[in-house]
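Thanks for making the time this morning. I would like to walk through one structure with you, and I will begin with its open space before turning to what lies around it.

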Amino acid sequence: MTSEPEKAEDSLPPPPWERPAKRTAPARVPLTRDRIVDAAFTVLDRVGFDRLSMRQVAAELDVAVSALYAHVRDKDELLELMYNRAFAGLRVPDPDPGRWIEQIKEYARQVRARLRSHRDLARISMRHLPFTREMLPIVERVFAILRAGGLPDHMVTAAADMLSTYVEGFVYEESLWFERKPENDEFWEGLGAQMRDYFAALPRDRFPNLVALATSMFSVDNDERFELGLDVILRGLASYARG
């Protein structure tokens, strides 16, 4: 039981000549590669690829930039880690010769969704060959699907490269327009209709094709454009498949 004198002392205000007890600093979360990559994506989404730097990532983590180099060799290695993270867990099914075109389409849709998940991620992807240890199992399975579809070997590698270029380029173009388009801006929201009306009103004797196609030029959204391009590529590839 606490005595009365002790209770009285506890209730007294601290004397002005006493130094306050030193506060215990909150424990720091250990720095890891995963935390660095998380912070890098946060910075990427905020400032974009051109301004992404080791210094910005260190500031996001509230550490000295030198602390990053104990875990990541340099910015190039950081970008590779981000690239590998972007496709971690991407599922590629076992090859089904009767469904190989749909399987490749689904793979391409997954890649597009991953690249759209962070600002400028397509630019990071375009800098890398998919031959890291983390990516090799994905490439192996894509090759397996293309070969199961009957493509000759020299076309398998060309097809994989073509698909990668198409998806990355498509997402990169999307990102450029998203950055230019202010949210809820009336001018941008109505731009498609304005362009359609402009082309439709051109002199038909001088621009018969622009007038005729004015409506169809602006009648599809990005998802439809992506699917159409994918279908055109795969129909072309299928023409090389062995019967």
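**Pocket, core and charges**

Helix 9 contributes eight residues to the lining of the second largest pocket, and that is the most any element gives. Before I go further, please keep in mind that what you see is a predicted model.

The volume of this second largest pocket comes to about 520 Å³. Its lining is made up of 26 residues, and those closest to the centre are Tyr-107, Pro-130, Ala-160, Asp-161 and Ser-164. Which helices each supply at least two residues of that lining? They are helix 6, helix 7, helix 8 and helix 9. If we sort the lining by class, we find 19 nonpolar residues, five polar ones and two charged ones.

Let me move from the pocket to the packing. The largest nonpolar core holds 54 residues, and the members that touch the most others in it are Val-57, Leu-78, Met-82 and Phe-87. Two or more residues of this core come from each of helix 2 (33-47), helix 3 (54-61), helix 5 (75-86), helix 6, helix 7 (121-126), helix 8 (136-148), helix 9 (153-180) and helix 14. To take one of these members in detail, Val-57 is in contact with Ile-36, Ala-39, Ala-40, Val-43, Leu-52, Leu-68 and Leu-78, once its neighbours within four places in sequence are left aside.

Now to the charges. How many salt bridges does a search of the whole structure find? The search returns 20, and I will go through several of them with you.

In helix 6, which spans residues 100-116, Glu-106 and Arg-109 sit three residues apart, so about one helical turn separates them. Their side chains meet in a salt bridge, with an N to O distance of 3.5 Å. Glu-106 is partly exposed at 37% relative accessibility, and Arg-109 is partly exposed as well, at 25%.

Helix 14 (residues 222-238) offers a pair with another spacing: Asp-231 and Arg-235 both lie there, four residues apart, about one turn of the helix. The closest N and O atoms of their salt bridge are 2.9 Å apart. Arg-235 is exposed, having a relative accessible area of 62%.

Asp-231 also turns up in another set of contacts, that of Lys-105, a residue of helix 6. Not counting residues up to four places away in sequence, Lys-105 touches Leu-230, Asp-231 and Leu-234. Is Lys-105 buried or exposed? With a relative accessibility of 12%, Lys-105 counts as buried, because the limit for that class is under 20%.

A second charged residue of helix 6 is Arg-112, which at 8% relative accessibility is also counted as buried. With neighbours within four places in sequence set aside, the residues in contact with Arg-112 are Val-167, Phe-170, Val-171, Glu-174, Asn-222, Asp-223 and Phe-226.

Elsewhere, Asp-153 forms a salt bridge with Arg-147, and the closest N and O atoms are 3.1 Å apart. Asp-153, with 45% relative accessibility, is partly exposed. Asp-153 is also among the contacts of Arg-242, which, leaving aside neighbours within four places in sequence, are Gly-150, Leu-151, Pro-152 and Asp-153. Arg-242 belongs to the segment after helix 14 and is exposed, with a relative accessible area of 55%. Although Arg-242 and Gly-150 are 92 residues apart in sequence, their C-alpha atoms are 4.9 Å apart in space.

The last item on charges is a network of salt bridges, which links Arg-33, Arg-73, Asp-74 and Glu-77.

I will finish with the backbone. Most residues other than glycine have a negative phi. Against that background, Asp-62 has a positive phi, near 60°, and Asp-120 likewise has a positive phi near 60°. Where are these two residues placed? Asp-62 is in the loop between helix 3 and helix 4 (65-68), whereas Asp-120 is in the loop between helix 6 and helix 7. Their surroundings can be set side by side: Asp-62 is exposed, with a relative accessible area of 56%, while Asp-120 is buried at 8% relative accessibility.

Conventions. Residues are numbered from 1 along each chain as its sequence is written. This is a predicted model: local features need pLDDT of at least 70, side-chain atom pairs count only at pLDDT 80 or more; totals for chains, interfaces and linings use all residues. Side-chain values use heavy atoms; hydrogens and water are left out. A salt bridge is a side-chain nitrogen of Lys or Arg within 4 Å of a carboxyl oxygen of Asp or Glu. Buried means under 20% relative accessible area, exposed over 50%, partly exposed in between (1.4 Å probe, protein chains only). A nonpolar core is a set of buried Ala, Val, Leu, Ile, Met, Phe, Trp, Tyr and Cys residues joined through side-chain atoms within 4.5 Å. Contact means heavy atoms within 4.5 Å. On a 1 Å grid over the protein atoms alone, a cavity is a set of points where a 1.4 Å probe fits but cannot get out, and a pocket is an open set with protein on both sides within 12 Å along at least five of seven lines; lining residues have an atom within 4 Å of a point. Grid points are joined across faces, edges and corners, and a volume is the space filled by probe spheres set on the points. Ala, Val, Leu, Ile, Met, Phe, Trp, Tyr, Cys and Pro count as nonpolar, Asp, Glu, Lys and Arg as charged, and the others, Gly among them, as polar.
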